[in-house]
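Work through the exercises below with the model open. Try each task before reading its solution.

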Amino acid sequence: MLLDNELKSYLLDIEDECKERLEILVKQMAKKENVTEELKVNNQMEWVQRMNNIRNKAEEIILNEIVYV
C-alpha cells in the first residue's frame, strides 16, 4: 500500500469509520445506561464519570473490532 500511495487514504477511511462507530456506540450505550441531559444538569460530576466510562468502553470495542483486526 505504501508503494502504491494508497496507505494514507486507507488510514483516513479507517479513521472515519472509527469516528462514526464511536459516535453511534456512545449514543447507544448512554441511552442504555440512562445517562441523560437531565443527569448532566442535576449531577455534572456523575455525568462526566459515566460518559468517560462509556467512551472508554466504546473505544475498546472499536479497537478490537476495527483497528486490531
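Buried means under 20% relative accessible area, exposed means over 50%, and partly exposed covers what lies in between. The model is predicted.

**Exercise 1. Classify arginine 50, then find its salt-bridge partner.**

Step 1. Arginine 50 has a relative accessible area of 26%. That value lies between the 20% and 50% cut-offs, so arginine 50 is partly exposed.

Step 2. The side chain of arginine 50 meets that of glutamate 46 in a salt bridge, at 3.2 Å from N to O.

Step 3. Glutamate 46 has 29% relative accessibility, so glutamate 46 is partly exposed too.

Step 4. Both residues lie in helix α3, 4 residues apart, so about one helical turn separates them.

**Exercise 2. Decide how the salt bridges of glutamate 15 and glutamate 65 are placed in the helices.**

Step 1. Count first. The structure holds 6 salt bridges.

Step 2. Glutamate 15 pairs with lysine 19, with the closest N and O atoms 3.5 Å apart. Both belong to helix α1 and stand 4 residues apart, about one turn of the helix.

Step 3. Check exposure. Glutamate 15 is partly exposed at 37% relative accessibility. Lysine 19 is exposed at 52%.

Step 4. Glutamate 65 pairs with arginine 21, and here the closest N and O atoms are 3.3 Å apart. Glutamate 65 is in helix α3 and arginine 21 in helix α1, so this pair ties together parts 44 residues apart in sequence.

Step 5. Glutamate 65 is partly exposed at 44% relative accessibility. Arginine 21 is partly exposed at 29%.

**Exercise 3. Test whether the end-to-end distance of helix α1 agrees with its expected span.**

Step 1. Helix α1 covers residues 7–32, which makes 26 residues.

Step 2. Apply 1.5 Å a residue. The rule multiplies 1.5 Å by one less than the number of residues. The expected span is 38 Å.

Step 3. The end C-alpha atoms of α1 are 37 Å apart, which agrees.

Step 4. Look just past the end. Asparagine 34 comes just after α1 and takes a positive phi of about 60°.

**Exercise 4. Find the buried residues of α1 and describe the largest nonpolar core.**

Step 1. The buried residues of α1 are Ile14, Cys18, Leu22, Leu25, Val26, Met29 and Ala30.

Step 2. Ask what covers them. The cover includes α3, residues 44–67.

Step 3. The largest nonpolar core has 15 residues. Those with the most contacts inside it are Val26, Val35, Met51, Ile54, Ala58 and Ile62.

Step 4. Both α1 and α3 supply at least two residues each to this core. The largest share, 7 residues, comes from α1.

Step 5. Zoom in on isoleucine 62. Leaving out residues up to four places away in sequence, isoleucine 62 touches Cys18, Arg21, Leu22, Leu25 and Val67.

**Exercise 5. Locate glutamate 38 and state whether it is buried or exposed.**

Step 1. Glutamate 38 is in helix α2, residues 37–42.

Step 2. Its relative accessibility is 58%, so glutamate 38 counts as exposed.

Step 3. Compare two distances. Glutamate 38 is 22 residues from aspartate 16 in sequence and 30 Å from it in space, C-alpha to C-alpha.

**Exercise 6. Search for aromatic pairs, then examine the ring of tryptophan 47.**

Step 1. The search of the whole structure finds 0 aromatic pairs.

Step 2. The ring of tryptophan 47 has the charged end of lysine 40 over it, 4.6 Å from the ring centre.

Key: Residues are numbered from 1 along each chain as its sequence is written. This is a predicted model: local features need pLDDT of at least 70, side-chain atom pairs count only at pLDDT 80 or more; totals for chains, interfaces and linings use all residues. Side-chain values use heavy atoms; hydrogens and water are left out. Rings of Phe, Tyr and Trp (its six-membered ring) pair if their centres lie within 6.5 Å; planes under 30 degrees apart count as stacked, over 60 as edge-to-face and the rest as tilted. A charge sits over a ring if NZ of Lys or CZ of Arg is within 6 Å of the ring centre and within 35 degrees of the ring normal. Buried means under 20% relative accessible area, exposed over 50%, partly exposed in between (1.4 Å probe, protein chains only). Contact means heavy atoms within 4.5 Å. A salt bridge is a side-chain nitrogen of Lys or Arg within 4 Å of a carboxyl oxygen of Asp or Glu. A nonpolar core is a set of buried Ala, Val, Leu, Ile, Met, Phe, Trp, Tyr and Cys residues joined through side-chain atoms within 4.5 Å.
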